[in-house]
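Welcome to this short briefing. Have the model open alongside, and let's look at its enclosed space and at one of its strands.

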Amino acid sequence: MPHFMAKQCRTLPPLFRLPDEILEEIVSELDLHSDLVAFALASRICADMVIPHHTQYRILRMRHTAPNIWAHLARRADLARNVREVHICEPSNLYAADHYPTALIDKQLDGNLENVDESVRIRNICRALGHMQRLRTFTWSWMHVPGQPRPTSHPAHENAIMTIVSQLPELEHFSLHGKFAMHALNTIVDRNSLMYPVWKLNNLRSLSLAGDTWAKLGNSKHICNLLMKSPNLEHLEVPLEFHHLAECRLPKLKHLKMVLQAGGVSFGLDHSRAVFLQNHPSIEVLNWSPIGNPAIPHDALPNLRSLRSNKQFVTALNDPEFGSNAPVLMTPPSTPVAVTTNIPAEPVPEPPVIMRKIENLDIYSLDAQMLLDLKYIDRTSLRRVNLQTFSDVSILHEIAEVFPNIEWLSLPPVHLPSGAQYPVPVSKDQWLDILPRFSKLQVFRGLGLWFCVKNDKSAMHDIIKDLVQVCPRLRVLDRLNRHNDLDNLKEIVITRNGEQGEIVNYMILPKPSRNPFDVMDGLFN
């Protein structure tokens, strides 16, 4: 029955007797795709309202120029107004699948060759973004694109797009990865940070800036001013070389990522980063690999939950006296120094131990013994760990006992037993002995299982059959691609059905999409 005729039916629920524009506004308030699907399943009328007018117009992710799609969104403001997320990516970006509307595109109007012209395409992008008044997330990644290093062919095009985005009222998450802001004027000329549209953004909750240009000293003060306009910022990614970081105060910051971009470093860089960490005890997720040996105060990062770093940082966190950049307190020249003798010095009390409840740990070249030696982490809190080397298999038995709640584990396919000169592969029997000791293991990463069967799929099938018997919670394993390399797009997913989970099967499924604002870079998925 057509919608307009169904609305005349007296048995129709009162909700559907409302005017169409009010019903449309109600459906437009549904953000989650699962909520849209649930609403569509309620009745045929609901389905007609939602599919595809809403299901295809919440998230846009495009790895190509797509002039027809931008022309369509520029022409259909009634549909573009429902978009919540826009992700523009380079063609090689495989972190997530493409997602864009298809059903309502007019091939004659939207597919007109005129829309292929770059100036027209940029104008359509700007017009489409202007319709997206509910847009909350905008990401644009344009990294390492051969023949086209810059995101647009002309700086004016970049400025036009950024101007529209900076004016969107509900924007909360913003990310630019690549050679953006190459034409931005430094603070000597643009003292008030007004001449590049990105500097005008405010009230953000997530900000991610990656690329050489964001590490330029001339843009550093601009970024500092940008951060001052977002006091509620929770997620931040900036280059390690960001000069003014120590001056910034972000009281609600939870996630921080700092990665070396341009390669230029200055004296005291590690110390200024450590000062920033000490001034932000709210940080829960940290991705930072210091260059030298930083001095980390014993009470820094009390709320740390996830850490991706290197051995220098872990050692400094484990031993506050390790850092070589610790500030030295000098007595001012004008202050007289009292000299006393024969008075025994009072013992200096040791600082209280801060037990950090770290759940996720990814340390470059982390070996099993170093993990066991970490003193200042709560051993019952660790859930996910990436071990890159270990000696005897017995040390993994100890780790399974000391860290009883590990759910996600990555191990190398070989180890170096005591007295051995060369790495030795872990055998099938050893894997079947090691993994069951981690009683809560759900995800096992690495190609150790494949390595021990020499990439034979039939033999791998037999290992999986054995593993599901001794690891009742195991649900995800890594797989090989057609080149016998780690498959970054798909994984082996184990399912258990039946009242007691007795029906076990496994299948090959796509890996979950990475969150572009996850500062752990989708490591633990």
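The largest cavity in this structure has a volume of about 70 Å³. Please keep in mind that the model is predicted. A search of the whole structure turns up 2 cavities of 30 Å³ or more.

**The largest cavity**

- Rolling a probe the size of a water molecule over the atoms reveals where empty space is left.
- Which residues line the largest cavity? Its lining is made of Leu307, Val314, Leu317, Asn318, Arg356, Ile358, Leu361, Leu374, Lys375, Tyr376 and Ile377.
- By character, the lining residues of the largest cavity split into 8 nonpolar, 1 polar and 2 charged.
- Helix α11, which spans residues 311-318, gives the most to this lining, with 3 residues.

**Strand β7 and its partners**

- Is strand β7 (residues 255-259) mostly covered or mostly uncovered? Strand β7 is mostly covered, as 4 of its 5 residues are buried.
- On one side of the pairing list is strand β6 (residues 235-239), which is joined to β7 by 5 bridges, and the two run parallel.
- To find this pairing on screen, look for Pro239, which stands opposite Val259 in β7.
- How many bridges join β7 to strand β8 (residues 285-288)? There are 4 bridges between β7 and β8, and these strands run parallel.
- A handy landmark for the pairing with β8 is Leu256, which stands opposite Leu286 in β8.
- In a regular strand, side chains alternate between the two faces of the sheet.

Terms used: Residues numbered from 1 in each chain as written. Predicted model: local features only at pLDDT ≥ 70, side-chain atom pairs only at ≥ 80, totals over all residues. Heavy atoms only, no water. 1 Å grid on protein atoms, 1.4 Å probe; cavity = no way out; pocket = protein on both sides within 12 Å on 5 of 7 lines; lining within 4 Å. Points joined across faces, edges and corners; volume = space filled by probe spheres on them. Nonpolar A, V, L, I, M, F, W, Y, C, P; charged D, E, K, R; others polar. Buried < 20%, exposed > 50% of the residue type's maximum accessible area, 1.4 Å probe, protein only. Pairing = 2+ DSSP bridges.
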